Amino acid sequence: MKKYITIMLFLTAFLSQAQSKTLKAGETAPDFKLKNVDNKDVSFESFPKAKGFIVVFTCNTCPYAKAYEQRIIDLDKKFKPEGYPVIAINPNDPEASKADTFDKMQDLAKDKKYAFPYLFDKGQLVTDQYGAKHTPHLFVVSKSAKGTFVEYTGAIDNDPEGDKAEKTKYVEDVISALQKNQKPTITETKEIGCTVKRKAKA
């Protein structure tokens, strides 16, 4: 019986991750309206002067998300003035990950002095629209009169442990290309992090 339950839990987790296909470069980046830690709704329209966005699905709990916290803060500090603000979204269901409740998100944002939105994705609808699978999972989005489009999806860089003297900064390279009106050389990498936590289905 215990073996059966274990197998069913594994299949449930696997199927939930397979529910949505991850968006790829060139596809439309859906807009959204989600509650920020300051209790205000945030969407792409909240940034009328933005040239694009760094949308990162991250959380309170994953060791990889924690390892990338400062790098996410640094991305926003560097690129928001240039028209590419960070929008962070917590994809974890709080029933499945008790330390990812909205209250604890507020505590983290305050403690880390987040200068960017940290949004609560109730029901994981936006997570599924983008096909975010891990934390962190990042999407660079461009904005034009034609709409918002994914330019890159994957990891922030190739140094999840933060110990490489020389690293490939995927996100910075992508935005640098966009600023020159060029298409990025790399449009997809493998995201590295914990799987998105979903509530077990009855």
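**Close-ups of a predicted model**

**Figure 1. Helices H2 and H5 lie roughly parallel to each other.** In this predicted model, the axes of H2 (residues 63-79) and H5 (residues 170-179) come within 12 Å and cross at roughly 15°. Anything under 35 degrees counts as roughly parallel, so this pair earns the label. The crossing of H2 and H5 is right-handed. On the H2 side, Leu75, Lys78 and Phe79 make the contact, and H5 brings Val171, Glu172, Ile175 and Gln179 to meet them. Sort the residues of this contact by type and you get four nonpolar, one polar and two charged.

**Figure 2. The buried residues of H5 sit on the same side of the helix.** Here we stay with H5, where Tyr170, Val171, Val174, Ile175, Ala177 and Leu178 are buried. Around the axis they take up an arc of only 155°, which is why they end up on the same side of H5. A general point helps when looking at any such view: an α-helix has 3.6 residues a turn, so residues three or four places apart point the same way. As for partners, the buried residues of H5 pack against H2 and three strands: S3 (52-57), S7 (137-144) and S8 (147-154). Just after H5 comes asparagine 181, with a positive phi of about 60°.

**Figure 3. Helix H3 has a buried face, with exposed residues on the face turned away from it.** Phe102, Met105, Leu108 and Ala109 are the buried residues of H3 (residues 102-111). Look down the axis of H3 and they fall within an arc of 115°, so they line one face of the helix. The face turned away from that buried side carries Asp103, Asp107, Lys110 and Asp111, which are exposed. The cover over the buried residues of H3 includes helix H2, along with strands S1 (34-36), S4 (86-90) and S5 (118-120).

**Figure 4. Lysine 113 follows H3 with a positive phi.** This lysine 113 is in the loop between H3 and S5. Its phi is about 55°, positive even though lysine 113 is not a glycine. For background, most residues other than glycine have a negative phi. With a relative accessible area of 67%, lysine 113 counts as exposed.

**Figure 5. Threonine 127 is a buried residue in helix H4.** The helix in this view, H4, spans residues 125-130. Threonine 127 has a relative accessible area of 0%, which means it is buried. Leaving aside residues up to four places away in sequence, threonine 127 touches Ser20, Phe57, Pro91, Asp121, Ala132, Val196 and Arg198.

**Figure 6. Two loops with backbone features to look for.** One is the loop between S6 (134-135) and S7, which holds proline 136. The peptide bond joining threonine 135 and proline 136 is cis, with omega about 0°. The other is the loop between S1 and S2 (41-42), where asparagine 39 sits. Asparagine 39 isn't a glycine, yet its phi is positive, near 70°.

**Figure 7. The whole chain, to put the close-ups in place.** The protein chain has five helices and nine strands. From the N terminus on, they run α-β-β-β-α-β-α-β-α-β-β-β-α-β. Of the 202 residues, 48% are buried. Among contacts with a separation of 6 or more, 76% are between residues 24 or more positions apart.

Definitions and conventions: Residues numbered from 1 in each chain as written. Predicted model: local features only at pLDDT ≥ 70, side-chain atom pairs only at ≥ 80, totals over all residues. Heavy atoms only, no water. Axes fitted to C-alpha atoms, helices over the stretch in contact; angles between N-to-C directions. Helix = DSSP H or I, 4+ residues; strand = E, 2+ residues; numbered from the N terminus. Parallel < 35°, antiparallel > 145°, perpendicular 65-115°, else oblique. Left-handed = near helix turned anticlockwise from the far one by under 90°. Contact = heavy atoms within 4.5 Å. Nonpolar A, V, L, I, M, F, W, Y, C, P; charged D, E, K, R; others polar. Buried < 20%, exposed > 50% of the residue type's maximum accessible area, 1.4 Å probe, protein only. Arc of directions from axis to C-beta.
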